[in-house]
Amino acid sequence: MSSERPRLAVIGAGPAGLAATLAAAARGVRVTLLDSAAQAGGQFYRQPAAELRAGRPQALHHQWRTWERLRDGLGSHVRAGVVRHLTGHHVWLVEGGERWGEGFTVHALLGPEQEEPVEVRADAVLLATGGYEKVLPFPGWTLPGVITAGGAQAMLKGALAVPGRTAVVAGTGPLLLPVATGLAAAGMEIAALVESADPRAFLRRTRALAAQPDKVAEGAGYAARLLRHRVRTFVRHTVAEAHGIERLEAVTVAALDATGRVRPGTERRIPCDTLAVGHGMLPHTDLAETLGCRLEGSNVHVDDEQRTDVPGVWAAGEATGIGGAALALAEGHIAGRSAAARLHGAEPDRREWAAAAKSRARLREFSAALDTVYAPPAHWAEQVTDDTVVCRCEEVDGGAIREAVERLGAGDLRTVKLLTRAGMGWCQGRVCGPAVAGLAGCAFTPSRRPFARPVPLGVLARQPTERGLS
């Protein structure tokens, strides 16, 4: 390698990135940890801004001791000069990876304005880029007051603020439980928790549940808190429409039949000023795609060492499949140990991560069970009217997408995009892609882009600042 100690660039400072950083740094690797946030932790361990002087930030989290261990370990390695933690760095491209040993260049934009280009050089790269929320459209979802469930949680954890006075938390997935209980504990009235899945489906997943008693206990704890706050819970229900003129005033929820269709006559209107809605998570794979890493469905493909099929590139956490913080920690630990051994030119000793591998297997099985239970309603697209905006960036409505399919013959996501401009805006289809695919009746396949995020032309023309470890 090009320096006395091999260099590893870890992209993402959530649970997976932190676990990988600590594992690699403890084994003689110099690590550059890059993250777009001002503090480490990712979404799961998002911390309040220092200026807020939060007295008890642990009240907003569980697994706080795990966070303290990660935080203190990172601080020790930074003070020792083994880890460089670069905050506010938005990575938009990673170059290299054609052959093992040739090295990589990580390109990032620095600061809130994302105008200063920065380069980090490393011998290997570990992608811990996390995931993002999937939100499926419905009439009224663009009204002010409608936010994502994760956005409500981020506001609470990062700003110690709530998005309104009265909220409905809706959609599907385990994220809804901590969001509803967290907002209720912060003083909001939770008018309803609306879950489209049927919890009884868990009864057919007894093996996965039995292997994770702590997860079962965690879910029971959330249920107890919902009862304590007297939150009405509607299962096998969905939000049919959000109402309001200048901002959200109420939502209509309705029951679902066994096929996932709205049951006529079951609609009820619930007044609220906030709707926190989410339909699961999707992995962030943009950087993996620019490097040419193979995907399995929407996930980055990795082997038992968390290696991608591109030499010198590892991936861990939600990018390899949505599974939560515990799974991300296990994968990050394995990836960091593997990368350290390979960078030192040695075959890794798998016995070192045997416990983490066993935990990884159990958690992946549990996550697979959750995926089958917490699926969005099969016929959600029937509730999207022709005048419902689907692509917010380009203001493309459901009618335009249906016309592209039914009258113009579009049969795939790319053709719909070319005919309607859906997905051509700032988010490049990251938000609307699953919805457009669902309405068009075609598969949602991530599209490979030259850059992982929009980059000003002026940035491409400027000489970058090198921040790598040498």
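Colleague: In this predicted model, which residues of strand 7 point one way, and which the other way?

Modeller: Let's start with a general idea: in a regular strand the side chains alternate between the two faces of the sheet. Strand 7 covers residues 124-127. Here one pair points one way and another pair the other way, and all of these residues are buried. The one-way pair is Ala-124 and Leu-126, and the pair pointing the other way is Val-125 and Leu-127.

Colleague: Nice! In which order do the 5 strands of the open parallel sheet lie?

Modeller: Begin with the edges, strand 3 (83-86) and strand 20, each of which pairs on one side only. Strand 7 pairs in the parallel sense with strand 1 over 4 bridges and with strand 20 over 3 bridges. At the other edge, strand 2 and strand 3 run parallel and are joined by 4 bridges. The order is therefore 3-2-1-7-20.

Colleague: What does the twist of this parallel sheet average from one strand to the next?

Modeller: This is an open sheet of 5 strands. Going from one strand to the next, the twist averages 15°.

Colleague: What are the bridge partners of Leu-126 in strand 1 and in strand 20?

Modeller: A general point helps here: strands of a sheet pair through backbone hydrogen bonds, either parallel or antiparallel. Strand 7 pairs with strand 1 and also with strand 20, and we can look at Leu-126 in each pairing. Leu-126 is the bridge partner of Val-10, and in strand 20 its partner is Trp-314.

Colleague: Which helix gives the most to the largest nonpolar core?

Modeller: This core has 32 residues, and Leu-8, Leu-18, Val-29, Val-31, Leu-74 and Leu-126 touch the most other members. Among the elements that supply at least two residues each are strand 1 (7-11), strand 2 (30-34), helix 2 (64-79) and helix 8 (325-343). The top contributor, with 7 residues, is helix 1.

Colleague: Is strand 6 largely enclosed or largely open?

Modeller: Strand 6 spans residues 116-122. Its neighbour strand 5 (residues 104-110) runs antiparallel to it, joined by 7 bridges, with Val-106 opposite Val-120. Because 5 of the 7 residues of strand 6 are buried, this strand is largely enclosed.

Colleague: Which glycine takes a positive phi in the hairpin of strand 5 and strand 6?

Modeller: This hairpin has 5 residues between the strands. The phi in question is near 90°, and the residue is Gly-111.

Colleague: Arg-230 and Gln-306 have positive phi values too. Which one is buried and which one is exposed?

Modeller: Most residues other than glycine have a negative phi. Arg-230 has a phi near 55° and is found in the loop between helix 6 (213-228) and strand 12 (233-235), while Gln-306 has a phi near 70° and is found in the loop between strand 19 (299-300) and strand 20 (313-315). Buried means under 20% relative accessible area and exposed means over 50%. At 0%, Gln-306 is therefore buried, and at 76%, Arg-230 is exposed.

Colleague: What is the twist of the open antiparallel sheet made of 3 strands?

Modeller: Its strands follow the order 13-14-15, with strand 13 (237-244) and strand 15 (268-271) at the edges. Strand 14 (residues 248-255) pairs with strand 15 over 4 bridges, and Val-253 has Arg-268 as its bridge partner in strand 15. From one strand to the next, the twist averages 30°.

Colleague: How much space lies in the largest cavity?

Modeller: The count comes to 1 cavity of 30 Å³ or more. The space in the largest cavity is about 190 Å³.

Colleague: Which residues of its lining are the closest to the centre of the largest cavity?

Modeller: The lining divides into 11 nonpolar, 7 polar and 2 charged residues. Strand 10 (166-172), strand 13 and strand 16 (274-279) each supply at least two residues of this lining. Of the 20 residues that line the largest cavity, the closest to its centre are Thr-238, Val-239, His-279, Pro-377 and Trp-380.

Terms used. Residues numbered from 1 in each chain as written. Predicted model: local features only at pLDDT ≥ 70, side-chain atom pairs only at ≥ 80, totals over all residues. Heavy atoms only, no water. Pairing = 2+ DSSP bridges. Axes fitted to C-alpha atoms, helices over the stretch in contact; angles between N-to-C directions. 1 Å grid on protein atoms, 1.4 Å probe; cavity = no way out; pocket = protein on both sides within 12 Å on 5 of 7 lines; lining within 4 Å. Points joined across faces, edges and corners; volume = space filled by probe spheres on them. Nonpolar A, V, L, I, M, F, W, Y, C, P; charged D, E, K, R; others polar. Core = buried A, V, L, I, M, F, W, Y, C linked by side-chain atoms within 4.5 Å. Buried < 20%, exposed > 50% of the residue type's maximum accessible area, 1.4 Å probe, protein only.
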